[in-house]
Amino acid sequence: MNETALTVQQTARPHGFPSADHFAFVESPLPEPAAGSALVENLYWSVDPYHREMMDDVPGGFALDAPLEGRTIGRVIASRTPRLAEGEIVFHRQGWRTHAVVGPEEIRRLPRFDGVPLTAYLSVLGGTGLTAYVGLTRIARLQGGEDLFVSGAAGGVGTATGRFAGLLGAGRLVGSTGSAAKAGHLTREVGYDAVFDYHEGPAADLLGKAAPDGIDVFVDNVGGDQLAAAVGALREFGRIVRVGTISQYNTPGALSPRIDHAAVVEKSIRMEGFLVSNYRDLQEELYDFAVPHLQSGRLALDETVVDGFERIVDAFLGMLRGDNTGKIIVRDHTQAHL
């Protein structure tokens, strides 16, 4: 067993786009579990857009010079509680560290389904997939045949939203992304009918060409000009599902888009944001929905996997730059060939 542990700590607040200089890898002796707890060796880590928000000096944000939190899957390697058996695979939120001491109340046991890899519990069966599922079924209340526009469509939530929407019987699926290569993946593999590169012109013009007859639902991961464009494209009784504002995370002081507020009233548009943490009671419902489709092959995993805990900061910064397609996951070297 490795006798040392590594944690990633934030050392300074960024102003704009963060860099590797805002983080430090800190080595320490392997922690000893106290009575009633267990030591977990982590195997998979999730890096997510919300981590960028938590880097700022905001309520509930990351503390400086302390280990960062995040969704993680690991194996119990030493236990001092009968409630956690050695060898058990668990999910927890202690995040960016190679080892974590957890109590039974801090973990979630992962059901094992035939043919479903562990990475799925950080992507379509994890917080990413739950966000997409809640957005479509609870916030948008998607009806069969309705047309969608999804911004940030090549990210984890965007790809899950596109795939789930197709399984739920949506009509035309339109997305935005940052490159022609990603647009091609979304139309060839994920099920989008039309995807535009937001770099190619004004969002309203690009959306108008991709969805000339309008849309019923907008799932917004980006904010900014694409939100304003969606208001113009939405039909009567359209819905906006606000998931995130990644376009503004690294640009403090950026001007808000000019939304046509009169159109919101005249078209009876509803806009609602949500935190997926308030919908954890739907986890089993997500399994019931998604697992049979994973097993049948109708639902595929969109994942970018980065090998090695030492690359977790690089993976996070790459995600903010849009280097990934689908959910980005960091994998321990020992899992690379399993």
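Me: Let's start inside strand S9: which residues point the one way together with Leu 173, and which point the other way?
Reply: The strand is a DSSP run of E, at least two residues long, just as a helix is a run of H or I with at least four, and both are numbered from the N terminus. Every residue named here is buried, meaning under 20% relative accessible area, where exposed is over 50% and partly exposed lies in between (1.4 Å probe, protein chains only). Gly 175 and Thr 177 share the direction of Leu 173, while the other way point Val 174 and Ser 176.

Me: Good to know before going on: what kind of model is this?
Reply: Residues are numbered from 1 along each chain as its sequence is written, and side-chain values use heavy atoms, with hydrogens and water left out. Local features need pLDDT of at least 70, side-chain atom pairs count only at pLDDT 80 or more, and totals for chains, interfaces and linings use all residues, since this is a predicted model.

Me: Back to Ser 176: which residue's backbone nitrogen does the side chain reach?
Reply: Ser 176 sits in S9 and counts as buried because its relative accessible area is 1%. Its contacts (heavy atoms within 4.5 Å) beyond four places in sequence include Phe 149, Val 150, Val 195 and Gln 226. A polar contact is a pair of N or O atoms within 3.5 Å; within protein, one must be able to donate a hydrogen and the other to accept it, and residues adjacent in sequence count only if both atoms are side-chain atoms. At 3.4 Å, the Ser 176 side chain reaches the backbone nitrogen of Gly 152.

Me: Where do S8 and S9 meet, and which residue of S9 is the bridge partner of Leu 148?
Reply: Two strands count as paired if DSSP finds at least two bridges between them. S8 and S9 run parallel over three bridges. In S9, the partner of Leu 148 is Leu 173.

Me: Zooming out, which strands stand at the edges of the open sheet?
Reply: The sheet holds six strands with parallel pairing, in the order S10-S9-S8-S11-S12-S13. Each edge strand has a single partner, so one side of each is left without a neighbour in the sheet; these are S10 (194-197) and S13 (270-273).

Me: And what is the angle between helix H4 and S10?
Reply: Axes are lines fitted to C-alpha atoms, for helices over the stretch in contact, and angles run from 0 to 180 degrees between N-to-C directions. H4 (residues 180-190) lies across S9 (173-177) and S10, and its angle to S10 is about 170 degrees.

Me: Now S11 and S12: which residue of S12 partners Phe 218?
Reply: S11 (residues 215-220) pairs with S12 in the parallel sense, over five bridges. The bridge partner of Phe 218 is Ile 240.

Me: Asp 216 looks interesting: with which side chain does its side chain make a polar contact at 2.8 Å?
Reply: Asp 216 lies in S11 and counts as buried because its relative accessibility is 12%. Its side chain also reaches the backbone nitrogen of Asp 147 at 2.8 Å. The side-chain partner is Arg 235.

Me: How many residues separate Arg 235 and Asp 147, which meet in a salt bridge?
Reply: A salt bridge is a side-chain nitrogen of Lys or Arg within 4 Å of a carboxyl oxygen of Asp or Glu, and these two side chains meet at 3.0 Å, N to O. Arg 235 is in S12 and Asp 147 in the loop between H2 and S8, so far along the chain that the pair links distant parts; Asp 147 counts as buried at 14% relative accessibility. The separation is 88 residues.

Me: Which residue does Arg 239 bridge to?
Reply: Both partners are buried. The salt bridge has an N to O distance of 2.6 Å, and the partner of Arg 239 is Glu 146.

Me: How many salt bridges does the whole structure have?
Reply: One network links Asp 48, Arg 71 and Lys 327. Arg 270 and Glu 272 also pair, at 3.0 Å from N to O. A search of the whole structure gives a total of 14.

Me: Last stop, helix H3: how many of its 12 residues are buried?
Reply: H3 (residues 156-167) reaches 17 Å from its first C-alpha to its last. That is close to the expected 16 Å, which is 1.5 Å times one less than the number of residues. The helix is mostly covered, and its buried count is 11.
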